[in-house]
Amino acid sequence: MAEWLSLREAIAANVRDGDSLAMEGFTHLIPFAAGHEIIRQKRRGLRLIRMTPDLIYDQLIGAGCAAKLTFSWGGNPGVGSLHRFRDAVEHDWPQPLEIEERSHSDMANSYVAGASNLPFAVFRGYTGSDFLRVNSRIRNITCPFTGEVLAATPAVRPDVTVIHAQKADWKGNVLLWGILGVQKEAALAAKRVIVTVEERVERLDAPPNACVLPGWTVTAVCEVPRGATPSYADGYYERDNLFYRLWDRISRDRQTFNGWIKKHILETGDFREYLRLLSESPAVCR
Amino acid sequence: MIGDYTPDEMMTVSAARMLRNGAVCFVGIGLPSTAANLARLTHAPEAVLVYESGPIGAKPSVLPLSIGDGNLAETADTVVSTPEIFRYWLQGGRIDVGFLGAAQLDRFANINTTVVGSYAKPKVRLPGAGGAPEISSSAKEVLIVVKHSKRTLVEKLDFVTSVGFLTGGDSRERAGLTGKGPVAVITDLCILRPDAVTRELKVASIHAGVHRETIAVNTGWQIQFAEDCGETEQPRAQELEVLRDLKARTVAAHGVEGEAA
């Protein structure tokens, strides 16, 4: 049964040093508030998993929280590079980052395998590519019925999955809509699940086929309005495209990045305070 | 400017024309998305645009800045989960055309979007695969749109992320790939098509005002010109007008053109 907690309590109780951690959300509903709280609580040695690392993992990697990254597309969408990710891979800063690289189709299939309690995913992929050369966890398997050679990759089973959603009711039943990405699969594949939501409501009033995670599949649920900013929440607020562009400048230089993390995350008490700070600073100074 | 349009506009218009009306198209972000939406707004109103974040039948009024923009979901016929997109729709054989970009491309239209330099110690770490490896193998056909330069069209890829014709000839078929592979590469200088037998990319048509020499010096391998190589049809006024309107709407909405990455 989901427990309603503050985000600080939820992270403290469920995210431990060295955990494998998936924070999903495909452009939409990225759980930024939770990412900030993990930085604030100085978790270390995390084995991060996410299809598109995006700014959320650029921040965690640059802040020194990560030992490993499993991913399939590591860019700043619509802008360019993730500079902290690149600096870690190219120059081991602030520490070496082991990478396990896959394709989107692989990641999606591997989350499904994890949610289905299967040991591996099987799909048609990677044929002729160099992936098998650099990732020993991508293998081939022969179909016992047709003889076709297919790709097999280990299921993704995170210790913890964190997602952001639009609503949850008092029992912790979670409703999300719009671009759903792999959130449902990532949640069901994990040992522990933290969900941050835009609002806590009496009743979800969800239509029968809506994407609902029953409260008993969720470990902790936290009310964090605007908790996906600068990503977006359909029905609540738009993507902060300007911030994604500004991040290019903030993250390009190590000192600027460190200063930003210190001021905006380490020296703020919570996400609400961060949002206030952000709204008070002129865009150019962020 | 050549005449009253830019080489980029020539490229986008040429790429858009490749998409036939009614085709189900899996769209990469950036140049492919611009071209696919231009096609939808001109000659191919029935084209079905599929984005890997889940929207099927997206009809965005402005170009998306990212692959998961709200505008894609709001205008789609349906929005499915990412596993469903890759399993039922792409692997399921429902995609006619995969529309891709590339950081590096070789003579057999294999694509690198992973690293420049060695994998273990890359000179430049690129974003990586995204959906491209499975799009390039499972879509019935592939279109690639890329700016023409020696840095992009290279003799040898540092990493094969997504396959075209592998080592040429019938190597793609022998590898058991289900889709037919790339049918055209559209650049800002010309249109390349694979040779019917060797599968090596050859210049099939040259954009107006471009010299053969310019194409040769901007290609990392000894580029060949098809025997029937002619001139690409120039953009029509209506195509340019729709493209410029689309870009102006995008700039007004996002503050940027929505073409990077």
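Chain B has a mean pLDDT of 94, and 97% of its residues reach 70 or more; pLDDT is the predictor's confidence in each residue, from 0 to 100. The model scores ipTM 0.95 and pTM 0.96. This is a predicted model, in which local features need pLDDT of at least 70 and side-chain atom pairs count only at pLDDT 80 or more, while totals for chains, interfaces and linings use all residues. Residues are numbered from 1 along each chain as its sequence is written, and chains are lettered from A and ligands numbered from 1 in the order in which they are written.

**The contact between the chains**

Select the contact: 48 residues belong to chain A and 44 residues to chain B, two residues being in contact if their C-beta atoms, placed from the backbone, lie within 7 Å. On chain A, the elements that each supply at least two residues to the side touching chain B are strand 5 (75-76), helix 4 (83-91), helix 5 (104-115), helix 7 (183-189) and helix 8 (241-252). Helices (H or I, at least four residues) and strands (E, at least two) are DSSP runs, numbered from the N terminus. Helix 5 of chain A gives the largest share of that side, 6 residues. By class, the side of chain A that touches chain B holds 18 nonpolar, 19 polar and 11 charged residues; Ala, Val, Leu, Ile, Met, Phe, Trp, Tyr, Cys and Pro count as nonpolar, Asp, Glu, Lys and Arg as charged, and the others, Gly among them, as polar.

**A:Asn109 and its partners**

Next, select A:Asn109 in helix 5 of chain A. A:Asn109 counts as buried because it has 31 C-beta neighbours inside 10 Å (buried: 20 or more other C-beta atoms within 10 Å of its own; exposed: 12 or fewer; partly exposed: in between; C-beta atoms placed from the backbone). Leaving aside neighbours within four places in sequence, its contacts are A:Ala121, A:Phe123, B:Pro83, B:Phe86 and B:Arg87.

Cross to helix 4 (residues 82-90) of chain B, where B:Thr82, B:Pro83, B:Ile85, B:Phe86 and B:Leu90 are buried. Their cover includes helix 5 and helix 7 of chain A, together with strand 1 (24-27) and helix 5 (132-138) of chain B.

**Strand 13 of chain A**

Finally, select strand 13 (residues 192-201) of chain A, which is largely enclosed by the rest of the structure because 7 of its 10 residues are buried. Strand 13 of chain A pairs with strand 11 (residues 160-169) of chain A in the parallel sense over 9 bridges; strands pair if DSSP finds at least two bridges between them. Here A:Val201 stands opposite A:Asp169. Strand 15 (residues 220-223) of chain A also pairs with strand 13 of chain A in the parallel sense, over 4 bridges, and A:Ala220 is the bridge partner of A:Ile194.
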